[in-house]
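The following exercises are to be solved with the sequence and the coordinates at hand. Each task is followed by a worked solution.

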Amino acid sequence: MRDMLVRRTLVALAPALLCRPEPSFSAATAFDELCARLDAPQLQEPAVAPSGARPPALPAWIAGAWRCRLTLRAFATPQGVQFIGAAGRPISEAEASAAETRSKIGSTVELDLRYLSGDDGGSAFEVGTSTSSLSHPIPAPTHPSHPLLQPRPPLTPPSQDRPFNTRSRLDAFAGRRVVSSCAPCAEAGQAVACVTVEFRGPASQKTITNSARLGVCGGGQTPAFALSELSRAVFSRRLQPGDTRNFPPILTDQETILLLQPSADGATATGRLRLVSYLQPLDQLYFAAGKRAVAISDYALELHRLA
């Protein structure tokens, strides 16, 4: 019995034991705390970030285009299916929805993701300064191992291409093209980030990222990292000519927790993704939920570099 307990403890701690803190103490602490959120059976909703907070700086190796493979491993409703159903609808509908999600355990979704280099789209390679003003110009290096032909790090950290990734994710999970366009919000206010989605049907959605936290583990060129983002999606139907029905917006709050461990050469990465749903203040069971998770979906994740 004691050996079984020890084994379970080691399994639960495995993500945090990938490496020990070489960077700052705060970064290492954040990494361990975010890894713990990937295994916790119940979670408290993160706090909204202070006004004007910006997305955290991601490690340089993530810049580029990736093919992502997500495999659903587990689904849970920690407080019961009654918390995931629509207000006023029979609980049987919530039970059917949960059963349908569980039936997809083991299924895989593939999509493309993109992270923009922080050098404003400049070339990833740098040959050096111009030699045209020299009396004896120096020939440009040609050997691939020459230091001047090696990839240079971006001037600023890479960032997620949110419009591209949002569209890719929505289309992939729907199993077909459902997005007509996706772009940064015209005005993000004090949010960390914001994107607006126009669907192919008479609907639109604004996704507002209200907090983001990053933890990095290890040094070198390819450190593992964990990231948590809390977002609120506002889904709205557009009125059609002659349609006088009233469709109030649908608000949903979700935390996305990501753990990525890259290969030594940065060409692939493996990790985990956890999608955590919380109720928002307009939900009838908001106070009963106590700002705790009402649905948790866990995915295994693989990334393969495309560019």
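A disulfide is taken here as a pair of cysteine sulfur atoms within 2.5 Å. The model is a predicted one.

**Exercise 1. Determine how many disulfides the model holds, and which cysteines are joined**.

Solution.
1. Applying the cut-off of 2.5 Å between cysteine sulfur atoms, one obtains a count of one disulfide.
2. The cysteines joined are C185 and C194, with an S to S distance of 2.0 Å.
3. The torsion about the S-S bond of C185 and C194 is about -65°, and the disulfide is therefore left-handed.
4. C185 has a relative accessibility of 11% and counts as buried; for C194 the value is 11%, and C194 is likewise buried.
5. C35, by contrast, takes part in no disulfide: the nearest cysteine sulfur belongs to C217, at 7.4 Å.
6. C35 is buried at 2% relative accessibility, and C68 is buried at 2% relative accessibility.

**Exercise 2. Establish which strands pair with strand 5, and in which sense**.

Solution.
1. Strand 5 comprises residues 193-199.
2. On one side of the pairing list stands strand 4 (residues 179-184), which runs antiparallel to strand 5 and is joined to it by five bridges. Within this pairing, V179 has F199 of strand 5 as its bridge partner.
3. Strand 6 (residues 203-217) also pairs with strand 5 in the antiparallel sense, over six bridges. Here C194 is placed opposite I208 of strand 6.
4. The connection from strand 5 to strand 6 is a hairpin of three residues.
5. What is the burial of strand 5? Five of its seven residues are buried, so strand 5 is largely enclosed by the rest of the structure.

**Exercise 3. Locate P56, decide whether P56 is buried, partly exposed or exposed, and list its contacts beyond the sequence neighbours**.

Solution.
1. P56 is found in the loop that lies between helix 2 (25-37) and strand 1 (64-76).
2. Partly exposed covers relative accessible areas between the limits of 20% and 50%. With a relative accessibility of 23%, P56 is thus partly exposed.
3. Once neighbours within four places in sequence are set aside, P56 is in contact with A212, L214 and L227.
4. A further separation concerns G215, which lies 159 residues from P56 along the chain. The C-alpha atoms of P56 and G215 are 9.4 Å apart.

Notes: Residues are numbered from 1 along each chain as its sequence is written. This is a predicted model: local features need pLDDT of at least 70, side-chain atom pairs count only at pLDDT 80 or more; totals for chains, interfaces and linings use all residues. Side-chain values use heavy atoms; hydrogens and water are left out. Helices (H or I, at least four residues) and strands (E, at least two) are DSSP runs, numbered from the N terminus. Buried means under 20% relative accessible area, exposed over 50%, partly exposed in between (1.4 Å probe, protein chains only). Contact means heavy atoms within 4.5 Å. Two strands pair if DSSP finds at least two bridges between them.
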